[in-house]
Amino acid sequence: MKISVIVPVYNMEKRLPRCIESLRRQTYADLEIILVNDGSEDGSLSLCRHAAEQDRRISVLDKKNGGVSSARNMGLASAQGDWICFVDPDDYLKSFEIGELLAAAGPETDIVCGDFTADDGGRMVAGRFFAEELDARSADSKRVLYCQLMDSFYGQDRKSFYTAVGVPWAKIYRRELLAKNGLRFDEQLSWNEDNIFNMRAFFDAREVRYRHIDGYCYDYDHSGRMMHTYQPDFQKRVRKAAEARRECLEETGLIRDGEIARAYVNEMVNYLAGALKRSVFHRDHRVPFDEKVREVEQLMRTPEFSFLFEKKDAPAAVSGRKNRIFVRLLRNRQFRLVQLFLER
């Protein structure tokens, strides 16, 4: 079976060669490697074209910058493989990764999820999304997947946390699943789009298998630094993702599941905390504190987050000591303490 590997590329000339070489060295050789250059302004496109000259399995698509979702979607439109695999250009794979993911699939498996190894500044740390392997067919058996898609710590060891199962990498998707259900990344979202894509994919899949295959190397050192940069428009991006999540839950009917609904509450708490940390209360947001308070209060009144503060029983659904403290401080309008809490 042919596997199409889609790599969205934007300004990654320093890390891209490592990624491409790891794909070329896969022990499973029947690959179609699609490098999608998303309007890079460095030497990434030249590297992609050079790689295509070296390996006939590699093709290059070039487009104007439109974001990672548009790049992945262009790759999907071009892919001819039986299975789809996504790889981020700053990451790399151990040689057995793709072959072992494919070997783990059954005749009705539509998605195989593996684990990863986090490259934390040269320190390699094995990461697991769940303690036990999983064959999920029914709504009940998929519940743990949905819950972690929203509440990242669900089912994970907080002490060794790096990321959650919502990432598109370390997985293979049956192309027929994506085509039959019209599954694509939402190009209107610029944050959490992969997570919401996976919720729909998991819902439509006949079977999702999760295995302890740790052949994906996640460059957490690079990604982690990006997560702490100041993003003035992050509030808008978070609100769009929150709206898309709610729509997804309502369209699939998953919102009626009590445990999933509680995970959704915690996701909205984390969304709000991220918006405040990466925009409103970020040290590079240089406006008077009173103006920051007005921004916070405005966010608290939006449809995406107001239920956390208007309903008396909403805090009861919040889990985790930090989340409960965060919501309590906001409900009591203790904004100075909120800022200090987020800086910890």
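This text walks through a predicted model, moving from a strand arrangement to a charged surface patch and then to an acidic residue on a helix.

The sheet is a convenient place to begin. Four strands, here 4 in number, form an open sheet with mixed pairing, and their order across the sheet is β5-β12-β7-β8. The edges are taken by β5 (92-93) and β8 (123-127), each of which pairs on one side only. Within the sheet, strand β7 (residues 116-120) runs parallel to strand β12 (residues 216-218), and 2 bridges join this pair. To locate the pairing in the structure, the reader may look for T117, which stands opposite C217 in β12.

From the sheet we turn to the surface, where R158, K277, R321, K322, R324, R328 and R344 together form a positive patch. Helix α13 (residues 321-331) supplies the largest share of this patch, contributing 4 residues. Another member of the patch, K277, belongs to helix α10 (residues 258-280). The relative accessible area of K277 is 37%, and because this value lies between the limits of 20% for buried and 50% for exposed residues, K277 is described as partly exposed.

A residue of negative charge, E247, is found in helix α9 (residues 234-252). Its relative accessibility is 38%, so E247 likewise counts as partly exposed. With respect to D186, E247 is separated by 61 residues in sequence, while the C-alpha atoms of E247 and D186 are 13 Å apart in space.

Note on methods. Residues numbered from 1 in each chain as written. Predicted model: local features only at pLDDT ≥ 70, side-chain atom pairs only at ≥ 80, totals over all residues. Heavy atoms only, no water. Patch = residues over 30% accessible without salt bridge, like charges linked within 9 Å, V, L, I, M, F, W, Y side chains within 5 Å. Areas by Shrake-Rupley, 256 points an atom, 1.4 Å probe, with all protein chains shown as cover. Salt bridge = Lys/Arg side-chain N within 4 Å of Asp/Glu carboxyl O. Charge placed at Lys NZ, Arg CZ, Asp CG, Glu CD. Buried < 20%, exposed > 50% of the residue type's maximum accessible area, 1.4 Å probe, protein only. Pairing = 2+ DSSP bridges.
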